[in-house]
Amino acid sequence: QVRLVESGGGLVQTGGSLRLTCAASARTFTDYNMAWFRKFPGREREFVASVSGAGINTYYSDSVKGRFELSRNNAEDTVFLQMNNLKPEDTAIYYCAANTIEPLSNRWDYWGQGTQVTVSS
């Protein structure tokens, strides 16, 4: 069982940056692969990035490669999403997720409540 709480969303201008934080409460945090998803209005959640439990393997969707960086601090049970060069099309609710399968799995068993990111043009 994992509880996840996202924070750090807000309003920024095109080209700006935000850093999202996911605080986890888990028995053994390194057992969990972690991921960020985002949801646009009227659409299903889409994959943004994920990382393996030890932080060795990291994966990104094509839409954010080169702009976003996912990292994790296992000593503090925390995951970050550094978002740079933000675009209006990045506007969405961003969710933190966890599983014990693999970082590229389509099954994510635990979810946070989401944090809103809005990029103005």
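Strands, by which the loops of this predicted model are located, are DSSP runs of at least two residues, numbered from the N terminus. In these terms, Gly-55 is placed in the loop between E5 and strand E6, the latter covering residues 58-60. The secondary structure of the chain amounts to eleven strands and zero helices, so that, read from the N terminus on, the order of elements is β-β-β-β-β-β-β-β-β-β-β.

The overall dimensions of the chain were examined next. For 121 residues, a radius of gyration near 14 Å would be expected of a compact globule, and the value of 13 Å found for the chain agrees with this. Taken along the principal axes, the box filled by the C-alpha atoms is roughly 40 × 30 × 25 Å. Of the 121 residues, 43% are buried, while the accessible surface comes to about 6300 Å², with 44% of that area belonging to carbon and sulfur atoms. Among contacts between residues at least 6 apart in sequence, 56% join residues that are at least 24 apart. The charged side chains number 12 positive and 12 negative, and the centres of these two sets are 3 Å apart.

The largest nonpolar core comprises 29 residues, and those with the most contacts inside it are Met-34, Trp-36, Leu-81, Met-83 and Tyr-94. At least two residues of this core are supplied by each of strands E1 (2-7), E3 (18-26), E4 (33-39), E5 (46-51), E7 (68-73), E8 (78-83), E9 (92-99) and E11 (115-120). The largest share, five residues, comes from E3. For Leu-81, when neighbours within four places in sequence are left aside, the residues in contact are Leu-18, Arg-19, Leu-20, Trp-36, Val-48, Phe-68, Glu-69, Leu-70 and Tyr-94.

Two loop positions were then considered in more detail. Gly-55, in the loop between E5 and E6, has a relative accessible area of 33% and is therefore partly exposed, since this value falls between the cut-offs of 20% and 50%. Its C-alpha atom lies 8.5 Å from that of Asn-73, although Gly-55 and Asn-73 are 18 residues apart in sequence. Thr-100, in turn, is found in the loop between E9 and strand E10 (110-111). Between Thr-100 and Tyr-110, which are ten residues apart along the chain, the C-alpha separation is 9.9 Å. Beyond its neighbours within four places in sequence, Thr-100 is in contact with Asp-31, Tyr-32 and Asn-33.

Conventions: Residues numbered from 1 in each chain as written. Predicted model: local features only at pLDDT ≥ 70, side-chain atom pairs only at ≥ 80, totals over all residues. Heavy atoms only, no water. Core = buried A, V, L, I, M, F, W, Y, C linked by side-chain atoms within 4.5 Å. Buried < 20%, exposed > 50% of the residue type's maximum accessible area, 1.4 Å probe, protein only. Helix = DSSP H or I, 4+ residues; strand = E, 2+ residues; numbered from the N terminus. Contact = heavy atoms within 4.5 Å. Rg over C-alpha atoms; globule rule 2.2 N^0.38 Å. Areas by Shrake-Rupley, 256 points an atom, 1.4 Å probe, with all protein chains shown as cover. Lys, Arg positive; Asp, Glu negative; His and termini not counted. Charge placed at Lys NZ, Arg CZ, Asp CG, Glu CD.
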